[in-house]
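User: Please take a close look at one part of this model and walk me through it. I'm in my first year, so explain the terms as they come up.

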Amino acid sequence: MAARKSPLFDTATTLGKIVAFLGISALCGVLAAGLLVPAAAVAGVGATSSIDYFDQLPDELQTNPLSQPSKIYSADNQLIATFYAENRVPVTLDKVSQHMQDAIVSIEDVRFFEHGGVDPQGIMRAAVTNMAGGSLQGASTLTMQYVNNVLIDAGASEGKSADELTISGTKSIGDKLREAKLAIALEKEYSKEEILQGYLNIVLFSGQTYGIEAAAQTFFGIPASKLNIQQSAMLAGMVQSPNYFNPVSNPEATKERRNSVLAAMLSAKKITQEEYDKAAASDLGVDLQPVSSGCVAATFADYFCSYVQHVIMQSDQFGKDSTERAKLLARGGLTIKTTLDSRLQKEAQKQIEEEVPMGDESGAGSSMVSVEPGTGKILAMAQNTKYSPEQGAKNTELNFNVDADMGGTSYGFQPGSTMKPFTTIAWLESGRTLNETVDATRTSYPAGYNWNASCLPAGAWFDKWDFKNALPGYTRPMSVSYGLTKSVNSATVAQAAMLDLCDIRDAATRMGVHRAVDGKPFEVNSPSFVIGGQEVSPLTMSAAFATIASGGMYCTPIALNEVTDAQGKKYEVPQKSCERAISEDVAKAVTVPLENLVNDSPGYMNPIGVPAAAKTGTTDVSEQTWTVGYTKGISTASWVGNWTNYESLNDIPINGVSRDYVDGATIAGAQWTDYMSAVAPLYNHGGFGSPPGNMVGGSSDNRGNGNDDD
């Protein structure tokens with residue numbers, strides 16, 4: 001008597017198996033010409049419409065360029081950082097070891113080289129297994145898997161979420177039919193080798209690691225061409241479930257899966273028994289070499305990386321909006337060649353950290369940025385923190401060197417006396433001379449004082465202004481040149497009182513000086529701006545002093561040399577953009593007192609071995625300190641200050657040393673001097689030339705001795 005069915009018989013499970021059987025079995029009707037039996041759609045779409053349904057399925061696979069990482073390089077081809085949504089390095093099949101090719105075919109589709117895109121034997125085997133109660137199998141060939149990956153990649157490129165993408169385990173019979181038809185069409189157009197190559201380049205191995213080359217580099221630190229038997233088997237095993245078969249998070253399961261692949265390779269006669277035994281007994285041997293995305297993982301110059309990212313994200317050359325630009329950066333395979341000189345960058349970082357180490361208990365910030373005179377190329381951009389969204393003593397996303405809209409601090413930093421050369425430039429442009437004497441005795445100007453400011457409405461009113469010189473002994477008549485060399489506040493203000501304040505502002509503006517907070521020219525709302533009363537960024541000051549070094553040509557700072565995508569398309573990037581800001585004679589003349597500052601102040605600013613000029617700057621209570629200076633080939637702004645609470649640097653231990661007075665020469669000047677001594681010979685380091693006599697004027701006997709006054 002026949003056995004009776006159990007009352008606990010699972011009708012839904014059995015029905016599901018029957019439907020799966022019908023769906024998979026339907027695919028068995030592959031004809032030699034590559035068509036399916038119309039009844040194939042019965043299980044998914046209904047018998048009456050099956051023929052029309054199948055005929056309407058697409059038969060051409062629309063492939064987009066694979067998502068590839070973008071890479072930022074220095075001018076001397078040093079990799080700075082990689083950006084990606086999918087870490088992938090496409091390679092041709094001849095760059096993939098034969099072991100890897102054998103492993104993936106053996107485990108995923110052993111009849112790959114025999115079928116026409118859909119494998120009837122595989123379908124029947126899956127159907128029998130499913131009906132017998134085994135794990136549900138889908139009988140997808142490598143070609144069908146490739147089709148599925150292409151469809152997923154296309155959806156991801158369009159911005160679809162994971163929930164919107166049709167992935168394994170969520171596909172309907174209609175989805176499988178579409179894959180089958182596309183696979184058949186693909187096999188008619190491409191060779192098996194081309195399909196295998198496409199598959200190996202697109203498939204996910206783990207996390208954001210896609211494609212065999214990136215996988216080989218990530219897990220073993222070698223190219224795909226060097227993968228051995230056991231390495232190939234491990235990677236081939238991962239594609240079934242990349243998150244589960246991960247040698248880092250689940251090594252035991254990964255090894256078991258690897259050995260299953262080795263067994264499949266042995267069964268397919270791709271390896272010998274001896275090779276199998278040796279490989280199966282080996283450890284996984286993972287040598288993890290992860291490649292992280294973005295500036296947080298930059299190999300060096302992380303803040304310059306951030307600056308470059310801002311440049312791209314703000315340029316319509318890389319997309320119509322920020323979404324398109326971010327997509328291009330993460331998926332477009334851009335090769336971004338920048339202006340950065342890795343030699344200068346590494347030296348700047350070294351000198352900064354020697355003076356104010358990362359995480360120093362003082363909390364002081366330190367940075368340097370170099371610009372090439374005559375081109376505007378940014379050569380170095382360094383600071384004493386690590387680029388990170390986790391702000392702390394060592395970490396911040398804020399770039400000390402740049403304006404607020406390029407990732408800088410909210411307002412920038414007051415430049416102190418590094419603003420003084422612009423007053424002297426306006427002085428020279430008005431027809432006056434370096435050796436003319438000014439009355440530097442005055443340190444107070446009453447409310448309503450008759451300042452000349454032609455850009456303001458008539459009758460513009462300024463409040464009373466009291467200031468002081470940093471050191472006693474300088475409230476006396478002196479030459480303009482001496483006052484600038486010794487950085488005497490009362491001398492610069494005396495000059496400004498004899499000039500038009502708007503002319504001083506305009507001279508600075510022509511040389512690129514602007515407010516860090518909004519990029520606008522300085523406001524003439526108080527004469528205090530002439531000695532540093534409004535905030536700027538170090539990059540602004542470096543570019544402005546580069547104007548003097550170049551003989552009067554202001555060049556807009558640029559960071560990009562060339563950008564191309566994975567298909568070889570070149571993008572327009574800002575080219576050298578220079579215009580005359582001051583005359584060559586004025587540039588030579590203002591250099592004289594600045595060169596004297598470097599050469600004639602023992603123990604203050606030391607000569608660097610080549611002609612150089614510089615100006616220091618210190619705010620009222622030493623919250624911000626600066627040295628900005630130049631050779632013919634390099635202009636560098638060095639800044640040390642308090643970027644968190646804007647309190648004084650005086651009397652606090654910086655790198656273990658407390659000082660009762662920190663000025664622009666103390667730390668900022670020391671790192672500028674050591675850095676420029678090391679790098680200046682790498683670029684033009686000739687002399688600046690002599691100014692015409694009518695700008696120098698008669699000899700002056702009031703230079704005197706004494707310390708600087710910031």
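Analyst: Two strands count as paired if DSSP finds at least two bridges between them. Helices (H or I, at least four residues) and strands (E, at least two) are DSSP runs, numbered from the N terminus. One heads-up: this is a predicted model, where local features need pLDDT of at least 70 and side-chain atom pairs count only at pLDDT 80 or more, while totals for chains, interfaces and linings use all residues. Residues are numbered from 1 along each chain as its sequence is written, and side-chain values use heavy atoms, with hydrogens and water left out.

Let's zoom in on a sheet. Strand E6 (residues 365-371) pairs with strand E20 (residues 635-641) in the antiparallel sense, over seven bridges. For instance, Met368 has Ser638 in E20 as its bridge partner. These two strands belong to an open sheet of five, ordered E7-E6-E20-E19-E18, with antiparallel pairing. At its edges sit strand E7 (378-383) and strand E18 (613-618), each pairing on one side only. Neighbouring strands in this sheet are turned by 10° against each other on average, direction ignored; the axes are lines fitted to C-alpha atoms, for helices over the stretch in contact, and angles run from 0 to 180 degrees between N-to-C directions. As background, strands of a sheet pair through backbone hydrogen bonds, either parallel or antiparallel.

Now for the rings, since one pair starts from this sheet. Rings of Phe, Tyr and Trp (its six-membered ring) pair if their centres lie within 6.5 Å; planes under 30 degrees apart count as stacked, over 60 as edge-to-face and the rest as tilted. The structure holds 17 aromatic pairs. Take Tyr244 and Phe245 as a warm-up: their ring centres are 5.0 Å apart and their planes stand at 70°, so the pair is edge-to-face. Buried means under 20% relative accessible area, exposed over 50%, and partly exposed in between (1.4 Å probe, protein chains only). Tyr244 is partly exposed because its relative accessibility is 46%, and Phe245 is buried because its value is 11%.

Back to our sheet: Tyr630 and Phe688 have ring centres 5.5 Å apart and planes at 80°, so this pair is edge-to-face. Tyr630 lies in strand E19 (residues 624-630), and Phe688 lies in the loop between helix H22 (668-679) and helix H23 (693-696), so the pair ties together parts that are 58 residues apart in sequence. Both Tyr630 and Phe688 are buried.

What happens in the loop between E20 and H22? Tyr646 lies there, and so does Asp651. Tyr646 has a phi near 55°, a positive value in a residue other than glycine. Asp651 has a positive phi too, near 65°, and Asp651 isn't a glycine either. Are these residues buried or exposed? Tyr646 is partly exposed because its relative accessible area is 37%, whereas Asp651 counts as exposed because its value is 55%.

So here's the picture to keep: E6 and E20 pair in an antiparallel way, inside a five-strand open sheet, and the Tyr630–Phe688 ring pair ties E19 to the loop between H22 and H23.
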